[in-house]
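Ready for some practice at reading a protein structure? Grab a pencil, take a look at what is shown below, and try each exercise before you peek at its solution.

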Amino acid sequence: MAPIVRVKSLDKYFGRLQVLKDINLEVAPKDVICIIGRSGSGKSTFLRCLNFLEEPSAGSIEIEGLSVSAGGKGREHRQRVHDIRLKTGMVFQEFNLFPHMSVLGNVMEGPVTVKGMDRVAATEIAEMNLDRVGLLFKKDEYPNKLSGGQKQRVAIARALAMDPTLMLFDEPTSALDPELIGEVLNVMRKLAQEGTTMLVVTHEMGFAREVADRVVVLAEGEIIEQSEPDELFRAPRDPRTKALIEGYRSGVRDEDALPRGPARRRT
Amino acid sequence: MDYQDVRPKSQAELIFAAQLRKNRQFRLNVALSWVALLVILALMFSGEGNLPFGLRGIKLDTQFIAENWSFIAAGLVSTLEISILSIVLATLLALIAALGRLSTFPPFFAVSTFYVSLIRGTPLYLQIVFFFLALPQLGIILPGLWAGVLALGLNYGAYMSEIFRAGLAAVGKGQREAAMALGMTARQTMLRIILPQALRFAIPPTGNEFIAMTKDSALVAVTGFVHELMWRATKVGRANFRNLEALIIGAVFYWIMTLILTALQSRLEARMSRGDR
């Protein structure tokens, strides 16, 4: 199938440090692509470049025929970035639910504020998407009353409510307690089965192996390898990929695999 | 209750209970000391001749107090009126100044920091007198009340901008990113996501500023045209050479007002901290 996402020669610098080098990637509709790599390999930055939360330094991103080049300025560029964001839904490691809004409010916020939908229609869409993640019964709660896994599922529903072409997941389970990871992965698995096009930055190798159509390995800002998961996990070509996979297998996960930021729990 | 917890108490529970007891005892002792201090204060102004340690109580003119306390008390309305108007103005200014401080647009940033620097670099008393006495020379004549409100509002706005800046900064950057990822514009992100959360942070400290303002509003008495507590206290005190009595009455009213507002404030704070976060 013709790709709906085309990333061409994407570069990203932080100051003089180059964190992404000439990234090229094509995604076909309904593809699930997992991006793996060590801490600092640039995988999250890459994902954040796709919806311009990070402005790429060079290259272009095309989603469903809408192309945005790096380095643009002015009103037209902003409009294109806005349109790209409408085509992508993003799920963050730290959930980032809006704490001052109910669960339903969180999911309605996009349709109402961004799309200008009337509240009745938005409520219907929000409830449908909460049902998809199995949390319709929590619609009147506030986020502080939810578990981490539930928060992330609401965050997924919030992104889905905008009916995006492409879903971006930035380490969606890394901030979760181990026993809560399963429920989020189950939702993602279901989305994949429903044919959602997904890009997933993850450390969950089991999930990647089972669900991904393709696994992309990033190291030092470059794609060093990409192939079908079975092939990649069985016979990695690059020694860095091999080391990465073996690290997970032996249970010695690199430090990045642990949750980061405020939700991190040390016991 | 027919249900009873018969498990032996754990070490942690025992420690917790002991600490609760200790806290309660401490608070009780503090309350008793307060009562003792109040009694001493009352005795000091009782006019009683035979206090311990050979001290003599100060004799207050009770007739003056009886005749004039209500006149002074009437100033409470004016005091609260100035304070409420000023805090509204101050809140608006503080919010704008805080947004300026966080702005990347140089002129806005400059105006904001200039305002804060100028106001914080000059005395509140001077500012009040300036608005009342100096502006008429430029053809701008403000009634005393408005000169006071303008000065207090500008002054507190400058100080409170820090509160709002902290409130805005306390909203995590993930919130902004989540809003942007949904496709919200910068303006929508600010109005729908950042500001509501920042205001929640800012409400309790704004309450504290309001309490402080009720007392600083006494400075507006200098205009002579706003008949609030302080003006009334000095007015009747001077007229009858009973400044001691008049100022004590004024002080008592300020104090009572502050106690009530502080109690309201701590309830507000408790409620906000419970909030949906």
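Here are five exercises on this predicted model, each with a worked solution.

**Exercise 1.** Work out the strand order of the six-stranded open sheet in chain A, and find its edge strands.

*Solution.* Start with the order: going across, you meet β6-β7-β8-β3-β9-β10 of chain A, and the pairing is mixed. Next, look for strands that pair on one side only: these are β6 (88–91) and β10 of chain A, so to speak the edges. Finally, check the twist, which averages 20° from one strand to the next.

**Exercise 2.** Compare how the two ends of that sheet are paired: which pair is parallel, and which is antiparallel?

*Solution.* Take β6(A) first. Four bridges join β6(A) to strand β7 (residues 166–170) of chain A, and these two run parallel. In this pair, Thr88(A) sits opposite Leu166(A) in β7(A). Now go to β9 (residues 214–219) and β10 (residues 222–227) of chain A: they pair in the antiparallel sense over five bridges. Here Val215(A) faces Ser227(A) in β10(A). The hairpin has two residues between the strands, and Glu220(A) takes a positive phi near 50°.

**Exercise 3.** Is Asp83(A) buried, exposed or partly exposed?

*Solution.* Locate the residue: Asp83(A) belongs to helix α2 (residues 74–87) of chain A. Then count its surroundings: 14 other C-beta atoms lie within 10 Å of Asp83(A). Buried takes 20 or more and exposed takes 12 or fewer, so Asp83(A) comes out as partly exposed.

**Exercise 4.** Describe the largest nonpolar core and the contacts of Leu199(A).

*Solution.* The largest nonpolar core has 129 residues, and Ile35(A) and Leu199(A) have the most contacts inside it. Helix α6 (residues 144–170) of chain B gives the most to this core, with eleven residues. Now zoom in on Leu199(A). Skip its neighbours within four places in sequence, and its contacts include Val27(A), Ile33(A), Ile35(A) and Phe169(A).

**Exercise 5.** Turn to chain B: does α1(B) lie largely in the open or buried, and which helix gives the most to the side touching chain A?

*Solution.* Helix α1 (residues 11–44) of chain B has 34 residues and reaches 49 Å from its first C-alpha to its last, close to the expected 50 Å. The number of its residues that are buried is zero, so α1(B) lies largely in the open. For the contact, chain B supplies 17 residues and chain A 19 residues. On the chain B side, α7(B) gives the most, with seven residues. By class, that side has seven nonpolar, five polar and five charged residues.

Notes
Residues numbered from 1 in each chain as written. Chains lettered and ligands numbered in written order. Predicted model: local features only at pLDDT ≥ 70, side-chain atom pairs only at ≥ 80, totals over all residues. Core = buried A, V, L, I, M, F, W, Y, C linked by C-beta atoms within 7 Å. Contact = placed C-beta atoms within 7 Å. Nonpolar A, V, L, I, M, F, W, Y, C, P; charged D, E, K, R; others polar. Expected span 1.5 Å × (residues − 1). Pairing = 2+ DSSP bridges. Axes fitted to C-alpha atoms, helices over the stretch in contact; angles between N-to-C directions.
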